[in-house]
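Got the model open? Let's walk through some charged pairs and a helix contact, one question at a time.

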Amino acid sequence: MRQFPLEMHDVAPGRVVEWRLRSTAAAEADDPADPTGRRASFNQDKHFTVAEESRAADDPVASWLAVTFEVAGRLDERALAQALLAFVQRHEVLRCAFRRLAGELACEPFDPAELALDSEEVGDFETSELLRGFLVERFKRSIDTLSWPLFTMGAVLREDSATVYLAFDHIVCDGMSMPIVVNEVLSTYEALCRGEEVELPPAPSYLDFADEQRRRYLSIDAADERLDYWKAFIDRGGAFFPRFPLDLGVEPGRMYPIVNEASTLLDAAEAEVFEKTCMTVGGKPFMGVLAAVAVCLREAGGPGVYRGLMPVSERGRGTWADSVGWFVNTMPIEFDASPGRDFAQVMGEVRAGFTEMIGHIDVPFVRAWELLAPEEFAARSWPYPVNFFSYLDMRKCPGAERHHEWRPATHVWSARANGACSWFQRDSAGMHMNSLYVDTPAARSTMGEFQEALRLTVQEIARSGGFRRPIALTAPRRPLHTPLDVAAFARRR
């Protein structure tokens with residue numbers, strides 16, 4: 001299961017059917033059953049606030065997160081509709097409307113027993129190109145943070161197969177929710193087709209997670225010692241957000257259309273060797289990729305000390321493993337990747353930096369942002385291109401053993417950006433990369449060459465066990481970082 005642009009998906013043409021969620025309550029059909037609501041998480045509150053402010057400024061932001069997967073054989077539409085409805089009923093966050101109550105963002109859940117799906121025949125699409133165009137536009141127009149429901153569900157039906165799709169607003173899910181969607185919907189569908197009931201593991205509500213998070217962190221202030229890690233990071237780098245260290249050709253305060261690209265860095269065999277190489281020096285594959293990213297950025301003119309943001313799962317050890325929601329904290333990480341260090345040494349620095357980061361994971365990113373960078377928090381976007389690294393091993397997610405049959409894929413899209421974000425995924429087919437970045441000539445050149453340098457670097461690690469030959473861009477790009485004193489960084493370690 002990998003992430004790539006929907007425009008790259010080879011979806012066979014067919015007849016499209018969609019299902020729309022509605023309330024069957026006799027009173028106010030579109031009002032949740034609980035008028036008091038429950039508090040949203042910090043991630044949800046910030047996301048919703050940005051949508052509100054953008055709408056008020058007539059400058060709406062738009063983005064979506066989608067998953068597609070395959071069903072073999074002729075689709076039983078009734079069984080799929082039942083499976084989709086059961087999935088929505090099971091996860092409270094999916095049947096919530098978000099509203100402002102006395103200034104606070106409330107999650108108001110609908111009663112699961114009073115929800116139904118209405119089917120709609122969309123039409124026949126004779127070519128894959130026309131179908132992809134429809135899906136892209138459908139997701140853009142149907143996903144609205146300020147309107148319920150916050151997702152779209154449908155399927156492309158053919159005589160001997162079907163492609164199912166679901167697209168969500170980020171406010172109700174994260175990347176690790178996508179394999180949960182696939183596993184639950186298909187497991188339930190297959191059980192219904194056999195005339196059986198499916199047994200699923202417990203899935204605690206994300207609203208409970210949000211309540212607990214609010215109780216623990218809403219009352220803290222900027223003097224709280226739990227923010228000391230963030231403060232030290234800011235003091236050394238000079239800013240809350242670590243800059244992407246290469247020039248992307250962006251102007252301050254301006255947003256740009258995006259380029260959405262994906263490629264494979266390592267095939268399955270190479271990825272296995274890469275993992276063993278990382279383990280040999282006491283690291284994990286994500287650490288090896290991060291080490292390679294740091295070295296490539298440095299060789300392109302970036303600093304010797306890597307500084308970036310890294311999303312980290314808040315699902316815990318099994319507690320929320322089968323729950324849908326936005327279980328992501330974002331933390332700063334830094335480590336020394338200065339010239340002269342071999343692969344084992346850089347990996348040791350990555351491991352030490354990651355260990356220190358995890359030791360301070362408790363404070364939510366949005367809360368730290370609000371307390372430590374209030375002026376930037378008031379803006380509707382990050383202030384400039386930010387160094388961002390994300391890694392997911394999709395082989396460890398629920399249902400991974402069936403992915404070769406279901407052929408699931410994740411797709412992300414955003415209308416505009418002012419920087420670059422890269423996501424790395426490991427699956428049974430290898431190691432993959434998906435990047436969204438600003439559509440400028442400088443960014444296209446820099447990101448294209450960076451991706452190629454990174455591919456060569458991880459392949460070299462897999463082949464030789466280290467950085468045996470220098471890998472750099474065609475010409476070093478003008479760095480945008482403030483020089484960081486490597487010796488000072490070493491002293492604090």
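**Salt bridges and a helix contact**

Q: Is aspartate 118 buried, partly exposed or exposed?
A: In this predicted model, aspartate 118 has a relative accessible area of 33%. Buried would need under 20% and exposed over 50%, so aspartate 118 counts as partly exposed.

Q: Which side chain does aspartate 118 meet in a salt bridge?
A: Aspartate 118 sits in strand β7 (residues 115-125). Its partner lies in strand β2 (residues 14-23), so the pair ties together parts that are 96 residues apart in sequence. The N to O distance is 2.6 Å, and the partner is arginine 22.

Q: What is the relative accessible area of arginine 22?
A: Arginine 22 falls in the partly exposed class, which runs between the 20% and 50% cut-offs. The value for arginine 22 is 34%.

Q: How many residues apart are arginine 236 and glutamate 334?
A: These two side chains meet in a salt bridge, at 2.2 Å from N to O. Arginine 236 belongs to helix α6 (residues 228-237) and glutamate 334 to strand β12 (residues 328-336). The pair links distant parts of the chain, and the separation is 98 residues.

Q: Is glutamate 334 buried or exposed?
A: Its partner arginine 236 is partly exposed, at 23% relative accessible area. Glutamate 334 comes out at 1%. Since the cut-off is under 20%, glutamate 334 is buried.

Q: At what angle do helix α1 and helix α10 pack?
A: Helix α1 covers residues 42-56 and helix α10 residues 365-372. Their axes lie 8 Å apart, and the angle is about 65°.

Q: Which residues of α10 make the contact with α1?
A: From α1, the contact uses Phe42, Asn43 and Lys46. By class, the contact has 3 nonpolar, 1 polar and 2 charged residues. On the α10 side, the residues are Val366, Arg367 and Trp369.

Q: With which residue does arginine 367 form a salt bridge?
A: Arginine 367 is buried, with 8% relative accessible area, while its partner is partly exposed at 32%. The two are 3 residues apart in helix α10, so about one helical turn separates them. The closest N and O atoms are 3.0 Å apart, and the partner is glutamate 370.

Q: Which residues do salt bridges that share partners join into one network?
A: Side chains of opposite charge can pair when their charged atoms come close. Here, salt bridges with shared partners make one network out of Glu272, Glu275, Asp393, Arg395 and Arg426.

How values were computed
Residues numbered from 1 in each chain as written. Predicted model: local features only at pLDDT ≥ 70, side-chain atom pairs only at ≥ 80, totals over all residues. Heavy atoms only, no water. Axes fitted to C-alpha atoms, helices over the stretch in contact; angles between N-to-C directions. Helix = DSSP H or I, 4+ residues; strand = E, 2+ residues; numbered from the N terminus. Contact = heavy atoms within 4.5 Å. Nonpolar A, V, L, I, M, F, W, Y, C, P; charged D, E, K, R; others polar. Salt bridge = Lys/Arg side-chain N within 4 Å of Asp/Glu carboxyl O. Buried < 20%, exposed > 50% of the residue type's maximum accessible area, 1.4 Å probe, protein only.
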